[in-house]
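Hi,

Here is the structure I said I'd pass on. Have a look at it first, and my notes on what turned up are underneath.

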Amino acid sequence: ASEDAALAFEGDQLTANVGCNGMGGPWRTDGGRLLAGPLAQTEMFCDGPEWAQENAASALLVAAPELSIDGDRLTLRSRGHFAELERVDTSQQTQ
C-alpha cells in the first residue's frame with residue numbers, strides 16, 4: 001500500500017486518498033460496520049499499483065465493512081478486501 005494513503009474522519013464526513021484520486025462522503029457506523037456513502041470521487045487517470053489500490057479502497061468503503069479499533073489501529077474488513085490503518089496525529093505536522 002502507498003505510504004501516502006490516508007483515510008480521515010471529520011464529523012460526519014470521511015475522505016480517502018490512496019495516491020491518485022480522492023473520494024469522500026458521509027459515514028456512520030451501525031452494528032460494528034462502517035456505512036459510507038454515497039461517495040464522490042475525482043476521476044483523474046491513474047496507472048499501475050495506485051489504480052489497483054484505489055479500486056480496492058473504493059470497493060472496501062462501499063461494502064459496509066466490519067470495523068474494529070485496537071488502540072491507534074483501525075481495521076476494516078469485507079468479504080473481498082481489508083485494510084489496517086494506523087492513526088496519525090496531523091495536528092503536530094508542519095506544512
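**Around E54**

Let me start with a glutamate: setting aside neighbours within four places in sequence, E54 is in contact with V18, C20, N21, M23, Q41 and C46. Bear in mind that this is a predicted model. E54 lies in helix α1, and with a relative accessibility of 1% it counts as buried. As a distance to keep in mind, the C-alpha atoms of E54 and W27 are 18 Å apart, with their positions 27 residues apart along the chain.

**The disulfide**

Two of the residues that E54 touches are C20 and C46, and those two cysteines form a disulfide with their sulfur atoms 1.8 Å apart. You may want to look at that S-S distance yourself. The torsion about the S-S bond is -90 degrees, which makes the link of C20 and C46 left-handed. What does this pair connect? It links distant parts of the chain: C20 sits in the loop between β2 (13-17) and β3, while C46 sits in the loop between β5 (40-41) and α1 (49-62), 26 residues apart. Are the two cysteines buried or exposed? Both C20 and C46 are buried. A search of the whole structure finds one disulfide, so there is no second bridge to look for under the cut-off of 2.5 Å between cysteine sulfur atoms.

**G22 and G11**

Next, two glycines. G22 lies in strand β3 and counts as partly exposed, at 22% relative accessibility; the cut-off for buried is under 20%. Which residues does G22 touch, not counting those up to four places away in sequence? They are A16, N17, A40, Q41 and T42. Q41 also appears among the contacts of E54. From G22 to M44, 22 residues apart along the chain, the C-alpha separation is 9.3 Å.

G11 is found in the loop between β1 and β2. With 65% relative accessibility, G11 counts as exposed. The C-alpha atoms of G11 and C46 are separated by 29 Å, and the two residues are 35 apart along the chain.

**Rings**

On the aromatic side, the count comes to one pair. The partners are F9 and W27, in an edge-to-face arrangement: 4.7 Å centre to centre, with 70 degrees between the planes. F9 belongs to strand β1 (residues 6-10) and W27 to strand β3 (residues 22-30), so the pair ties together parts that are 18 residues apart in sequence. Each ring residue is partly open to the outside: F9 is partly exposed, at 33% relative accessible area, and W27 is partly exposed as well, at 24%.

There is also a charge over a ring. The charged end of R77 sits over the ring of F82, 4.8 Å from its centre.

**T75**

T75 lies in strand β7 (residues 73-77). How accessible is T75? At 13% relative accessibility, T75 counts as buried, because the cut-off for that class is under 20%. Not counting residues up to four places away in sequence, T75 touches E66, L67, S68, A83 and E84.

**The chain as a whole**

Stepping back, the secondary structure comes to one helix and eight strands. Along the sequence, the pattern reads β-β-β-β-β-α-β-β-β. How does the radius of gyration fit a compact globule? With 95 residues, such a globule would have a radius near 12 Å, and the protein chain has 13 Å, which agrees. If you need a box, the C-alpha atoms fill roughly 35 × 35 × 20 Å along the principal axes.

As for burial, 23% of the 95 residues count as buried. The protein chain exposes about 6700 Å², of which carbon and sulfur atoms supply 49%. Among contacts with a separation of 6 or more, residues 24 or more positions apart account for 31%.

If you open one spot, I'd start with the disulfide of C20 and C46 and its contact with E54, then go on to the pair of F9 and W27.

Cheers

How values were computed. Residues numbered from 1 in each chain as written. Predicted model: local features only at pLDDT ≥ 70, side-chain atom pairs only at ≥ 80, totals over all residues. Heavy atoms only, no water. Phe/Tyr/Trp six-rings, centres within 6.5 Å; stacked < 30°, edge-to-face > 60°. Helix = DSSP H or I, 4+ residues; strand = E, 2+ residues; numbered from the N terminus. Buried < 20%, exposed > 50% of the residue type's maximum accessible area, 1.4 Å probe, protein only. Lys NZ or Arg CZ within 6 Å of the ring centre and 35° of its normal. Rg over C-alpha atoms; globule rule 2.2 N^0.38 Å. Contact = heavy atoms within 4.5 Å. Areas by Shrake-Rupley, 256 points an atom, 1.4 Å probe, with all protein chains shown as cover.
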